[in-house]
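Me: I'd like to practise reading a model residue by residue. Could you walk me through one?

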Amino acid sequence: MATTASTAAHTSLTSVTLEVADVEAARRFYHAFGVDTYIRLRASHAPTTGFRGLTLALTVSGPATVDGFVGAALEAGATVLKPAAKSLWGYGGVVQAPDGTIWKIATSAKKDSGPATREIDEVVLLIGVERVKATREFYVGRGLSVAKSFGGKYVEFTAGPSSPVKLALYKRRALAKDLGVADDGTGSHRIVLGGTADAFTDLDGFDWEPAVSLPAHTS
């Protein structure tokens, strides 16, 4: 059974910084993809292999808009992990950016009620963790407020007023399966979360930094 909480968060996610090998190439890709206003970029050559334990998920209005974003990503250099298709929950597909970040584009609608747009209804950073309940309690202890919780399967935190991206937790193995990739991977997650609290690292190695220390872009 889902539980919800309406209490305002004392800590919230305010920015998402992707660490990439080539900042200019990544900037061009994300502009063409249409999500550049939701993320920041930072140069990094930290070693990483396999699944990085996360996805950024876009929720849009209908199947035609899903297809538009998938098409834009592929034209800009992404590869398909899961072709866009109907499912029990709606319609969606999964692509991997040239820098290795996995993006899921989906809608709960199975039919279009209007023309395709380039509008995004919601962006969620979904991180795969080994122990959802333990990580939920860790984040609650850091001051985040739970918006939705489905036991040990899924947790979504309340977004702050200035946050362009919501934070959610999912079981790592289940997340990898949903994305169509193997769940093994080592090294850097290649992502840094900006927040309204001091720097810390969570139970699965995801790093947080005070939002004021994160420039919009570095080269």
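Reply: Let's begin with a single side chain and its surroundings. Setting aside residues up to four places away in sequence, Lys82 touches Gly93, Val94, Lys177, Asp178, Leu179 and Gly180. Keep in mind that this is a predicted model.

Me: Which element holds Lys82, and what does its side chain reach?

Reply: Lys82 is found in strand S6, residues 79-87. Its side chain reaches the backbone oxygen of Asp178 at 2.8 Å. Another way to see the link between distant parts of the sequence is to compare C-alpha positions: Lys82 and Val181 are 99 residues apart in sequence and 9.4 Å apart in space.

Me: Is Lys82 buried or exposed, or something in between?

Reply: In between. The cut-offs are under 20% relative accessible area for buried and over 50% for exposed. Lys82 has 34% relative accessibility, so it counts as partly exposed.

Me: Let's try a residue with less accessibility. How should I read Thr55?

Reply: Take the accessibility, then the element, then the partners. Thr55 comes in at 1% relative accessibility, so it counts as buried. It is found in strand S5, residues 54-59. Its side chain reaches the backbone oxygen of Ile102 at 3.0 Å. Beyond its neighbours within four places in sequence, Thr55 is in contact with Ile102, Trp103, Lys104, Val124, Leu125, Leu126, Leu175 and Leu179.

Me: And for a helix, what does Val132 contact?

Reply: Val132 is found in helix H3, residues 132-141, and counts as buried at 2% relative accessibility. Leaving aside neighbours within four places in sequence, its contacts are Gly151, Gly152, Lys153, Tyr154, Val155, Leu169, Tyr170 and Lys171. For a pair set apart in space, take Val132 and Leu88: 44 residues apart in sequence, 24 Å from C-alpha to C-alpha.

Me: Now the rings. How many aromatic pairs are there?

Reply: The structure holds 13 aromatic pairs. To read one, look at the distance between ring centres and the angle between the planes. Phe29 and Tyr30 form an edge-to-face pair, 4.9 Å centre to centre with 80 degrees between the planes. Both partners are buried: Phe29 has a relative accessible area of 4%, and Tyr30 is at 1%.

Me: What sort of pair do Phe29 and Phe33 form?

Reply: A tilted one, with 5.7 Å centre to centre and 40 degrees between the planes. The spacing along the helix is worth a look too: Phe29 and Phe33 are 4 residues apart in helix H1 (residues 23-33), so about one helical turn separates them. Phe33 is buried, as is Phe29.

Me: Which residues form the aromatic cluster with them?

Reply: Phe29, Tyr30, Phe33, Phe69 and Trp103 form one aromatic cluster. You've met Trp103 already, among the contacts of Thr55.

Me: Where does a charge sit over a ring?

Reply: One case involves a member of that cluster: the charged end of Arg118 sits over the ring of Phe69, 4.2 Å from its centre. In another, Arg142 lies over the face of Phe200, at 4.1 Å from the ring centre.

Me: What about loops? Is Pro161 buried or exposed?

Reply: Pro161 is exposed, with a relative accessible area of 93%. It is found in the loop between strand S11 (154-157) and strand S12 (166-171). Pro161 and Pro98 are 63 residues apart in sequence and 31 Å apart in space, C-alpha to C-alpha.

Me: And what is there to notice about the backbone of Arg190?

Reply: Check phi: Arg190 has a positive phi of about 60 degrees although it is not a glycine. Arg190 lies in the loop between strand S13 (185-187) and strand S14 (191-195). A loop residue can still be buried, and Arg190 counts as such at 9% relative accessibility.

Me: Let's zoom out. How many helices and strands are there?

Reply: The secondary structure comes to 4 helices and 16 strands. The radius of gyration is 17 Å, close to the 17 Å that the globule rule gives for 219 residues, so the protein is as compact as a globular protein of that length. Along its principal axes, the C-alpha trace spans about 45 × 45 × 35 Å.

Me: How much of the protein is buried?

Reply: Buried residues make up 44% of the 219. The accessible surface comes to about 10600 Å², and 55% of that belongs to carbon and sulfur atoms. As for contacts with a separation of 6 or more, residues 24 or more positions apart account for 67% of them.

Notes: Residues numbered from 1 in each chain as written. Predicted model: local features only at pLDDT ≥ 70, side-chain atom pairs only at ≥ 80, totals over all residues. Heavy atoms only, no water. Phe/Tyr/Trp six-rings, centres within 6.5 Å; stacked < 30°, edge-to-face > 60°. Buried < 20%, exposed > 50% of the residue type's maximum accessible area, 1.4 Å probe, protein only. Helix = DSSP H or I, 4+ residues; strand = E, 2+ residues; numbered from the N terminus. Lys NZ or Arg CZ within 6 Å of the ring centre and 35° of its normal. Polar contact = N/O pair within 3.5 Å; in protein donor to acceptor, adjacent residues only side chain to side chain. Contact = heavy atoms within 4.5 Å. Rg over C-alpha atoms; globule rule 2.2 N^0.38 Å. Areas by Shrake-Rupley, 256 points an atom, 1.4 Å probe, with all protein chains shown as cover.
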